[in-house]
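Here is a short report on one protein chain. Keep the sequence and the 3D view open while you read.

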Amino acid sequence: MFDAQTACLVVVGAQWGDEGKGKLVDVLAERAHMVVRYQGGANAGHTVVTGDTQFILQQIPSGILHPQVTCIIGNGAVLDPDQLFLELEQLAAKGVDPGGRLFVSDRAHLVLPLHKLLDRASEKSQNIGTTGRGIGPTYEDKYGRRGLRVGDLRRVDGVQAELVERVERGNRLLAMLGSTDRVSLEELRTLLEGWAPKLRPLTADTGLLVHRALQEGRRVLLEGAQGALLDVDHGTYPFVTSSNTTAGGAAVGAGIGPTAIHGALGVVKAYITRVGNGPLPTEARDAAGDRLRELGGEFGAVTGRPRRCGWFDTNVVRYAARVNGLTGLAVTKLDVLDTFDAIPVGVAYQLDGERCGDLPGDVDALGRVQPVYERLPGWQRSTGDARKLADLPKHARGYLDRLEALSGVAVRYVSVGTRRDQIIEVQ
Ligand code: IMP
């Protein structure tokens, strides 16, 4: 589905994040010219495995491992420069040279140490279960029109008054939140002056770069982070991240018009996981949930936190299909289900005595729903070597057919392991 007709494809998570977007983007990037991160920041942890080497990318787009790909951190993303520099070092140590093909938007907002302190201090009362990377407070400053942007590093002297205001305000907020941490103007200035020369060569009007690539007929992937149910508007508010993770956010965050995007690939696990707090209707709070966690290695790539695990929830995916306008699905981690003899699939909810096929917008109602399950037969055979649908056991194909029928979106990719080659492209 990433061809001349769909030259600009957005890849989004259609559950609660961690669906395997990094692997899909890495696989699709083989035929891409450009990969753009358009929202979020170092809260993401996109895992890509090539041969025996594993990369966990938090800031840098997952296309970076392909030497022909230009990577963009767009205006809608938030940038933690220290994390970026760390990833660049890690890539260099593994022989990857992003020289001349990584650009950061001059409009992307900077995540400052203050934001991380505020994130952790807010958690004590809000208890969202954030990643602690300063994401929420950075977006708060952006929408409060007092953020610092990458472009501001071109003139650190020119923003002295804003820095004073920011430090004072930040320290007041920290005190209000009961934190004893404080930030200092000198430390902030030193930090910004250290970042400036390193970021300057990477800084660009990235919307223009994406626009030009599209005008030249190049293939561009827009790489979403987190998932639809963590979207600040469409997710399980307030247990969400602070950006628009859905496909609509891709145009804004990449700096292009919505009509430039030709398709939206929704990535889903063959089951479901969530990190952090908030409702997860099909959570398996039993031995089967533990088994999914163990077999799927379900521990956060950024925080190491154990992920909550459960069964595929079609209400969630149907909803994600609607709010993203999905044109295809990629089902990942099918192999994790290989040893189960029967696999429950959530097909609807019971809410206050009524059957409900959608997602209640109110988090309390979502916390009250009772999932209605259908039990599908397991296949109890390894799927890791399958490279086309016909290689899969009959019941695994039946499982995928059922997910497709229930979700109303065609399955275009199936991932059966962590390696690049462990993927089925449905023809
Ligand atoms: P924040 O994005 O750090 O503010 O965290 C807000 C919520 O989003 C928390 O529940 C996090 O666990 C969740 N979250 C943020 N980033 C990711 C991700 O990349 N994968 C899964 N969950 C995430």
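This report covers the domains, the sheet, the salt bridges, one glutamate and the cysteines.

## Domains

The model is predicted. The protein chain is divided into two parts: domain 1 spans 109-199 and domain 2 spans 268-425. Their C-alpha centres lie 37 Å apart. The two domains do meet: six residues of domain 1 are in contact with five residues of domain 2.

## The sheet

Strands of a sheet pair through backbone hydrogen bonds, and the pairing can be parallel or antiparallel. Here, ten strands form an open sheet with mixed pairing. Their order is 9-7-5-2-10-1-11-14-18-19.

Which strands stand at the edges? They are strand 9 (203-204) and strand 19 (423-425). Each has a single partner strand, so one side of each is left without a neighbour in the sheet.

Start at the strand 9 end. Strand 7 and strand 9 pair in the parallel sense over two bridges. In this pair, V104 has T203 of strand 9 as its bridge partner. Strand 7 (residues 102-105) is also joined to strand 5 (residues 70-73), by three bridges, and these two run parallel. There, C71 stands opposite L102 of strand 7.

Now go to the other end. Strand 18 (residues 411-415) and strand 19 run antiparallel, joined by three bridges. V414 stands opposite I424 in strand 19.

One general point helps when you look at any strand. In a regular strand, side chains alternate between the two faces of the sheet.

## Salt bridges

How many salt bridges does the structure hold? The count is 25. The table shows three examples.

| Pair | Closest N to O distance |
|---|---|
| D152 and R155 | 3.3 Å |
| E298 and K269 | 2.9 Å |
| R322 and D358 | 3.3 Å |

Take D152 and R155, whose side chains meet in a salt bridge. D152 counts as buried, at 14% relative accessibility. R155 is partly exposed, with a relative accessible area of 42%.

Next come E298 and K269, which also meet in a salt bridge. This pair links distant parts of the chain, 29 residues apart. E298 sits in the loop between helix 9 and strand 13 (308-310), while K269 belongs to strand 11 (residues 263-269). Are these two residues buried or exposed? E298 counts as buried, at 0% relative accessibility. K269 is buried as well, at 1%.

The third pair is R322 and D358. R322 lies in helix 10 (residues 314-324), and D358 in the loop between strand 16 (354-356) and helix 11 (363-368). These positions are 36 residues apart in sequence, so the pair ties together separate parts of the chain. R322 is exposed, with a relative accessible area of 51%. Exposed means over 50%, so R322 passes the cut-off. D358 counts as partly exposed, at 35%.

Salt bridges can also join into a network. Here one network links D18, K269, E298, R307 and K333. The pair E298 and K269 has already appeared in the table as a salt bridge.

## A buried glutamate

Now find E283. Where is it? E283 is found in the loop between strand 12 (272-274) and helix 9 (287-296). Its relative accessible area is 18%. Buried means under 20%, so E283 counts as buried.

What does E283 touch, leaving aside residues up to four places away in sequence? The answer is R308, C309 and G310. With R308, the side chain of E283 makes a polar contact, side chain to side chain, at 3.1 Å.

## Cysteines

A disulfide is a covalent bond between the sulfur atoms of two cysteines. How many disulfides are counted here? The count comes to zero. For C8, the nearest cysteine sulfur is that of C71, 15 Å away. A disulfide needs the two sulfur atoms within 2.5 Å, so C8 and C71 do not form one.

C8 is buried, with a relative accessible area of 0%. C356 is buried too, with a value of 16%. C71 is the residue that stands opposite L102 in the sheet.

Note on methods:
Residues numbered from 1 in each chain as written. Predicted model: local features only at pLDDT ≥ 70, side-chain atom pairs only at ≥ 80, totals over all residues. Heavy atoms only, no water. Buried < 20%, exposed > 50% of the residue type's maximum accessible area, 1.4 Å probe, protein only. Helix = DSSP H or I, 4+ residues; strand = E, 2+ residues; numbered from the N terminus. Polar contact = N/O pair within 3.5 Å; in protein donor to acceptor, adjacent residues only side chain to side chain. Contact = heavy atoms within 4.5 Å. Pairing = 2+ DSSP bridges. Salt bridge = Lys/Arg side-chain N within 4 Å of Asp/Glu carboxyl O. Domains from an automatic or database assignment.
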